[in-house]
Structures are given as structure tokens and as C-alpha cells.
Amino acid sequence: MAGLCEGGNEPPGSLKAICAKWHSRRKILTPTFHFKILEEFIHVFNTNSKILIDRLAAAQNKGPFVHINNEITKCTLDIICEAAMGIKMHDKENDYNEYIYAVKRMTQVIVRRQLSPWLYRQFIFELSPLGQEQAKLLQTLHNFTDKVRIIRMHGY
């Protein structure tokens, strides 16, 4: 994109203007993911990986098949919450289950709406059972985020 993003005063919304915004924002974000900074979180990755392995080992004893999707999701949330916000979420099992269900179901609701042209209009969608379910799912997602914020604020 080197040649594509060259230029000066471009109209808002044009590709060159978008490129200019991206370059300025990329300069801000790039240090965030530098390897030296990520090295500080190796202990977080290791701790949560060990917890994941323990959970998978316990699940293995329950039968021949292990469904790892939920466990991987929990591990990912643990790592993100601890690395980004300093909050350990290991003991919040019920919150996880609700959140994971809401994320998965929300994906299904979005796909269902995309495949249902009669639900494209917002006011019709909001009146439908699917729209009402989406509102409840959004509330669950927002409640989880709010809980994490509250825990974070009380920690400082």
C-alpha cells in the first residue's frame, strides 16, 4: 500500500484519507505489541495455560471426548482480563458460562437476522422474538463488561 497511501489533502472517507488515519494510529498501537512488552506477560500466559491443562485433564476423566471450545474461551478471557486489566477471573465460573453462551448465541442471532430480509428494519427486528432475545443477550454481555470494570476500579 506504499504507493496507494501517498498524498496530501484527501476528501474524508477516501481510501487515501483512511490510509493516512491508519498510519497515524498504527504508530500509536505498534509499541503495544512489541516483544519486550509482551515478555512482561509470560507469567500470565503460563499460569493460565497451566489452568487450562488442568481443566482439560479433569474433563478427560469424564469421558472419551473433550469439548475444548469453552475451556479455550475461558483461558482466552482469563489472559485478556489479567494481562490488559490486571484482573484474575479464574473464580468467576458462572459469569463465564453466561458470557460464553451469550457470545455464541449472539453470533447465531446475527446470522439469522442477516438471512431474514424481513428483519432488516430495526423497528421490526426489535419487535420480533429474535430482537428481544438479542436485547437480553446484549444485556448479559454488557453486565459482564461492567463487572470487570467494577472489579478493576475497586482494585485501584
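This note goes through the predicted model point by point, from the overall fold to single residues.

1. Basis. The model is predicted: local features need pLDDT of at least 70 and side-chain atom pairs pLDDT 80 or more, while totals for chains, interfaces and linings use all residues. Residues are numbered from 1 along each chain as its sequence is written, and side-chain values use heavy atoms, with hydrogens and water left out.

2. Overall make-up. The protein has seven helices and zero strands, in the order α-α-α-α-α-α-α from the N terminus. Helices are DSSP runs of H or I with at least four residues, strands runs of E with at least two, both numbered from the N terminus.

3. Surface and contacts. The accessible surface is about 11,700 Å², and 62% of that belongs to carbon and sulfur atoms; areas come from the Shrake-Rupley method with a 1.4 Å probe, and for residues only the protein chains shown count as cover. Of the 156 residues, 24% count as buried (buried is under 20% relative accessible area, exposed over 50%, partly exposed in between; 1.4 Å probe, protein chains only). Among contacts (heavy atoms within 4.5 Å) with a separation of 6 or more, 49% join residues 24 or more positions apart.

4. Helix H4. This helix covers residues 69-85, 17 residues in total. The expected span is 1.5 Å times one less than the number of residues. For H4 that gives 24 Å, and the end C-alpha atoms are 23 Å apart, which agrees. Its buried residues include charged-type names such as Glu 71, Lys 74, Asp 78 and Glu 82, along with Cys 75, Leu 77, Ile 79 and Cys 81. Just after H4, Gly 86 has a positive phi of about 75°.

5. Ahead of H4. Ile 68 sits in the loop between helix H3 (42-60) and H4. Its relative accessible area is 40%, so Ile 68 is partly exposed. Together with Val 66 and Ile 72, Ile 68 makes a nonpolar surface patch of about 210 Å².

6. Met 153. This residue belongs to helix H7 (residues 129-155). Met 153 counts as exposed because its relative accessibility is 57%. Its C-alpha atom is 10.0 Å from that of Met 85, although the two are 68 residues apart along the chain.

7. Ser 116. Where does Ser 116 lie? Its place is the loop between helix H5 (93-114) and helix H6 (122-127). With 4% relative accessibility, Ser 116 is buried. Its side chain reaches the backbone oxygen of Arg 112 at 2.7 Å.

Notes:
Patches are made of residues with over 30% relative accessible area and no salt bridge: like charges are joined within 9 Å, nonpolar side chains (Val, Leu, Ile, Met, Phe, Trp, Tyr) within 5 Å. A salt bridge is a side-chain nitrogen of Lys or Arg within 4 Å of a carboxyl oxygen of Asp or Glu. A polar contact is a pair of N or O atoms within 3.5 Å; within protein, one must be able to donate a hydrogen and the other to accept it, and residues adjacent in sequence count only if both atoms are side-chain atoms.
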